[in-house]
Amino acid sequence: MTMKIPFEQAVEQHGETVLRVCRAVLGPGPDADDAWSETFVAALTAWPDLPEETNVEAWLVRVSQRKAIDVTRSRTRHAVPTDRLPERVSRRGNPGDDALRVWSSVAALPERQRLATLLRHFEGLSNPEIA
């Protein structure tokens, strides 16, 4: 089924609304612009099969929300380069003067024993798992 209005006209009529939705979710900037573009690429693909009685604006708003959420999810999956690493407190604590002797002794072990010690005490593996 074809729509009563051409796709280009839908973009003209509802493009600003879609951009506002993308910016509401992502803030102004290139991510919102990308979500806007992705919305209309997806809409163009689905356009020929869209029923005539569809509320185009509501449908485009829903598609744009989903595309903006996809961008948000993809942000969390990619590393963000930075010049400074965040300061993190060790869960195991920092070795003090008393531990210096222990760390020196571990460092003096042969490589296989050093690795076995690391796997047992820091990775929590059992002796059979290490073997």
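The following dialogue explains how to read the helices, burial and contacts of a predicted model.

Colleague: Where should a reader begin, and how many helices and strands does the protein chain have?

Modeller: One begins with the secondary structure, bearing in mind that this model is predicted. The protein chain has 6 helices and 0 strands. Read from the N terminus, its elements follow the order α-α-α-α-α-α.

Colleague: What share of the residues counts as buried?

Modeller: A residue is called buried when its relative accessible area is under 20%. By that criterion, 18% of the 131 residues in the protein chain are buried. The chain exposes about 10,400 Å², of which 53% is supplied by carbon and sulfur atoms.

Colleague: What share of the contacts joins residues that are 24 or more positions apart?

Modeller: Among the contacts in the protein chain with a separation of 6 or more, 61% are between residues 24 or more positions apart.

Colleague: Let us turn to a single helix. Why do the ends of α2 lie where one should expect them?

Modeller: The idea is to compare an expected span with the distance in the model. Helix α2 covers residues 30-46, and at 1.5 Å a residue its 17 residues should span 24 Å; the end C-alpha atoms are 24 Å apart, which agrees.

Colleague: Which residues of α2 are buried, and which are exposed on the other side?

Modeller: A32, A35, T39, F40 and A43 are the buried ones in α2. Seen down the helix axis, the buried residues of α2 fall within an arc of 130 degrees, and therefore they line one face. P30 and T45 are exposed on the other side of α2.

Colleague: Against which helices do the buried residues of α2 pack?

Modeller: They pack against α1, residues 7-26, and α3, residues 56-77.

Colleague: How may the same reading be applied to α3?

Modeller: One repeats the steps. The 22 residues of α3 should span 32 Å at 1.5 Å a residue, and the end C-alpha atoms are 32 Å apart, so the two values agree. In α3, the buried residues are V56, W59, L60, V63, S64, A68 and V71. These cover an arc of only 170 degrees around the axis, which puts them on the same side of α3. The face turned away from that buried side carries the exposed residues R66 and T76. The buried residues of α3 pack against α1 and α2.

Colleague: What is found at the start of α3?

Modeller: There, a side-chain oxygen of N55 comes to within 3.3 Å of the backbone nitrogen of E57.

Colleague: How should one read a nonpolar core?

Modeller: In soluble globular proteins, nonpolar side chains tend to be buried together. Here the largest nonpolar core has 17 residues, and those with the most contacts inside it are L26, A35, W47, W59 and L60. At least two residues of this core come from each of α1, α2 and α3. Helix α3 supplies the largest share, 6 residues.

Colleague: Which residues does L60 touch, if neighbours up to four places away in sequence are not counted?

Modeller: With those neighbours left out, L60 touches A10, H14, V18, T39, F40 and A43. H14, which lies in helix α1, counts as buried because its relative accessible area is 12%. Beyond four places in sequence, H14 touches F40, V56, E57 and L60.

Colleague: Is T39 buried or exposed?

Modeller: T39 belongs to helix α2 and is buried, with a relative accessible area of 0%. A polar atom of its side chain lies 2.8 Å from the backbone oxygen of A35. Not counting residues up to four places away in sequence, T39 touches V18, C22, L60, V63, S64 and K67.

Colleague: Why does S37 count as partly exposed?

Modeller: The class partly exposed lies between the cut-offs of 20% and 50%. S37, in helix α2, counts as partly exposed because its relative accessibility is 35%. S37 and L19 are 18 residues apart in sequence, and their C-alpha atoms are 9.2 Å apart in space.

Colleague: Where does A131 lie?

Modeller: A131 lies in the segment after α6, residues 127-130. A131 counts as exposed because its relative accessibility is 91%. From A131 to A116 the C-alpha distance is 8.5 Å, with the two positions 15 residues apart in sequence terms.

Definitions and conventions. Residues are numbered from 1 along each chain as its sequence is written. This is a predicted model: local features need pLDDT of at least 70, side-chain atom pairs count only at pLDDT 80 or more; totals for chains, interfaces and linings use all residues. Side-chain values use heavy atoms; hydrogens and water are left out. Helices (H or I, at least four residues) and strands (E, at least two) are DSSP runs, numbered from the N terminus. Buried means under 20% relative accessible area, exposed over 50%, partly exposed in between (1.4 Å probe, protein chains only). Contact means heavy atoms within 4.5 Å. Accessible areas come from the Shrake-Rupley method with a 1.4 Å probe; for residues, only the protein chains shown count as cover. The expected span of a helix is 1.5 Å times one less than its number of residues. The arc is that of the directions from the helix axis to the C-beta atoms. A nonpolar core is a set of buried Ala, Val, Leu, Ile, Met, Phe, Trp, Tyr and Cys residues joined through side-chain atoms within 4.5 Å. A polar contact is a pair of N or O atoms within 3.5 Å; within protein, one must be able to donate a hydrogen and the other to accept it, and residues adjacent in sequence count only if both atoms are side-chain atoms.
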